[in-house]
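Visitor: I'm new to this one, could you walk me through it?
Guide: Gladly; have a look first, and then ask whatever comes to mind.
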There are 2 protein chains.
Amino acid sequence: MEPKLADQLNTPAIVVDLDIAERNIHNFQSYADKNGFRVRPHIKTHKLPVLAHAQLAAGAGGITCQKISEAEAMLDGLQKNYDCSPDLLITYNILGHEKLDRLKALAHRTKLTVVADNMTVINGLSQAFANEEQPLTVLVECNTGADRCGVASPEAAAELARAIHDAAGLQFGGLMTYPPANAHAAVENFMAQAKQQIEASGIAVPLITSGGTPSMMSAAEAPVVTEYRPGTYIYNDRSLVERGACTYDDCAFFVLATVVSVPSENRAIIDAGSKTLTSDLLGLTGYGHVLGRDDIRIDQLSEEHGRLVSDQPINLKVGDKLRIIPNHVCVVTNMFDSVYIQRNGIVTESWPIAARGKLV
Amino acid sequence: MEPKLADQLNTPAIVVDLDIAERNIHNFQSYADKNGFRVRPHIKTHKLPVLAHAQLAAGAGGITCQKISEAEAMLDGLQKNYDCSPDLLITYNILGHEKLDRLKALAHRTKLTVVADNMTVINGLSQAFANEEQPLTVLVECNTGADRCGVASPEAAAELARAIHDAAGLQFGGLMTYPPANAHAAVENFMAQAKQQIEASGIAVPLITSGGTPSMMSAAEAPVVTEYRPGTYIYNDRSLVERGACTYDDCAFFVLATVVSVPSENRAIIDAGSKTLTSDLLGLTGYGHVLGRDDIRIDQLSEEHGRLVSDQPINLKVGDKLRIIPNHVCVVTNMFDSVYIQRNGIVTESWPIAARGKLV
């Protein structure tokens, strides 16, 4: 494409500032290197093989995906464009013949690890891999307070670890958790106990992996953790600014929108609604931050309209372009087929979002 | 594809029951026919040329789109597969050279109408169409209480109507509004006054168009309205059931999900999160309704996980398939590349969602 300023793009559009994204990648990699743990970024935030490659080149030990179709899309791009077959972790309970067949195909292409938190999943994985040449590495997912998936106690983790160790076609690879923010003490406590109990059965625990951008810069407070899986850190977003994890200067991703209507003195309408910004609030009020306009609240979204209100005159005119930092950047990436890339303040490329909409 | 029961699909998946969808189309068309107004369905709910064609075949006078790229995708499908060039309304303020060029191309392909609520948009449209053979039909968008876009008063509507009437390349086509639910009196009042004032200037008002599924079955209470634009009515969703507009038996669209974890007695996790169900609440509590399980609340979504809780034992096992009616069906359609089609209870086809992700 012809190089241009972001404000000249047709809207709504999403833009990644590569300079800031690279700085974010390196900042956390340096922290991890200094503290002696491995980084395995979650690709859900960018869904782009080229940025996964940048994370690996900076020192990441592998990548994390949530679904099989995401892993397939990322591996396709990394192998084709970079001849790169990263250590790949899918942090999801995988079930059913169709998914298990695809999992086997993935395992033939690269080093693959999955998780499980129940015997139905372990039995399914074991049946699928019993006749494979290489065993599948399986981690036990542990609930350290998020109350989503995960076994409830170190005892239950040890029991599943033994079941994986004994299952045909599988090898036990360690422990995985996705904790709430600032739960390092709970993670350390759960994981240290589980590790001790598993090792007492004569089984090694080679990997303990945790995640979450909000608490990543204090990850060393849970020294039992040997690997960390941040996702959002590469771009950052309003939720992280509001939690004090970064500033708007650290946000590498913005939505460009156009004012399409100014129907009253205190209200304006933009061409970015829930199909662009999504309805994710993450506990915040309003649907995003308009850069340079702290007075504006995005108080309502319909699918193609965003409503901006201010307590003072809104002082916008039809045709104005605005840059918006979304509440939750990962879900916005999933709404677009492609993303514009800015370097030194100039947009020079558009990249297809390879793992967008990969749900199964 | 091989015919199968929906419960055999790889999950998460979305399924349309064509029998129910056709019944929903015909019910509202009958009401409109009886009350003497035109139907122009909004395609944002299904985004499928084949269902737009079914709506037109049932008697709709045209279709409504929100964005130019949606209109392009729908027209492509309708012209290619059905040799059908419907009367097309884009209910959006259109701005900028790139969009205006695409608008001109659309106007060469079918009868096209757009809206405007300000002079910047009217001037842009006029410049773009001044040298076209056919004038572009423009409606004035009116705010009848939703406080989104739209002029604030009948006087302002009349002023813009005169400006459109006088502008090179444009012809005034009437009035458009997207009202809040149950606002028929406000619509009647605003539109009757605006019509009178415009006609007093010697300008005809050939069309007055309103919309919204929640109030569609009482649309005749605003007799000034000559056309209605329902969207969600073809599928229905939880928000409409909760408002009393329909029952779950009228819902033609469901999400199929699989239970992937049952970590405690009262909690289960499904493989459908905000990337499937979206975070749209529409004023409700919880993120969807599990058919047949009134006791279950979907109380939390992350991108790929939905958390189900119950005050009683949740009584689900890993691998169970659940059918979920989403809060807001239009936005769920936008999350998938294709939709499964069920007829007589059997899934026989998968259709690509032609207008998914069409944002500009």
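Visitor: Let's start inside chain A. How many salt bridges cross the interface of domain 1 and domain 2 there?
Guide: Bearing in mind that this is a predicted model, the rule finds two salt bridges across the interface of domain 1 of chain A and domain 2 of chain A. One salt bridge in the model joins A:D250 and A:R23, whose closest N and O atoms are 3.2 Å apart.

Visitor: And which helices of domain 1 supply the side that touches domain 2?
Guide: On the side of domain 1 of chain A that touches domain 2 of chain A, α1 (18–35) and α2 (49–57) each supply at least two residues, and the largest share, five residues, comes from α1(A). Sorted by class, that side of domain 1 has eight nonpolar, five polar and four charged residues.

Visitor: Hang on, where does each domain begin and end?
Guide: Domain 1 of chain A covers 20–234, and domain 2 of chain A covers 239–352. Their C-alpha centres lie 32 Å apart.

Visitor: How many residues are in contact between those two, and what area is buried?
Guide: In chain A, 17 residues of domain 1 are in contact with 16 residues of domain 2. The area buried between the two domains is about 1,200 Å², and carbon and sulfur atoms give 65% of that. Between these domains there are also five residue pairs in polar contact, with both residues at pLDDT 80 or more.

Visitor: Different topic: how is chain A superposed on chain B?
Guide: A rotation of 180°, with 0.0 Å of shift along its axis, superposes chain A on chain B with an RMSD of 0.0 Å. That is the relation of a two-fold axis.

Visitor: Which residue of chain A comes closest to the rotation axis?
Guide: That is A:S279, whose C-alpha lies at 2.6 Å from the axis. The same surface serves both copies, in that 100% of the contact residues of chain A recur in chain B.

Visitor: What does the contact between the chains take from each, and how much area is buried?
Guide: The contact takes 57 residues from chain A and 57 residues from chain B. The area buried between the two chains is about 4,600 Å², of which carbon and sulfur atoms give 47%.

Visitor: How many salt bridges and polar contacts are counted between the chains?
Guide: Between chain A and chain B the count is 10 salt bridges. The side chains of A:D337 and B:R356 meet in a salt bridge, at 2.8 Å from N to O. For polar contact, the count between the chains is 36 residue pairs, both residues being at pLDDT 80 or more.

Visitor: Which element of chain A gives the most to the side that touches chain B?
Guide: Several elements of chain A each supply at least two residues of that side, among them α4 (97–109), α5 (119–129) and β10 (253–264). It is β10(A) that gives the most, with five residues. By class, the side of chain A that touches chain B divides into 18 nonpolar, 19 polar and 20 charged residues.

Visitor: Last one: how many salt bridges does the structure hold over all chains?
Guide: Over all chains, the structure holds 50 salt bridges. One salt bridge is formed by A:R38 with A:E227, the closest N and O atoms being 2.9 Å apart. That pair links distant parts of the chain, since A:R38 is in strand β2 (residues 38–39) of chain A and A:E227 is in strand β9 (residues 227–229) of chain A, 189 residues apart.

Conventions. Residues numbered from 1 in each chain as written. Chains lettered and ligands numbered in written order. Predicted model: local features only at pLDDT ≥ 70, side-chain atom pairs only at ≥ 80, totals over all residues. Heavy atoms only, no water. Domains from an automatic or database assignment. Contact = heavy atoms within 4.5 Å. Buried area = accessible area lost by both parts, 1.4 Å probe. Salt bridge = Lys/Arg side-chain N within 4 Å of Asp/Glu carboxyl O. Polar contact = N/O pair within 3.5 Å; in protein donor to acceptor, adjacent residues only side chain to side chain. Helix = DSSP H or I, 4+ residues; strand = E, 2+ residues; numbered from the N terminus. Nonpolar A, V, L, I, M, F, W, Y, C, P; charged D, E, K, R; others polar. Least-squares fit on C-alpha atoms with pLDDT ≥ 70 in both.
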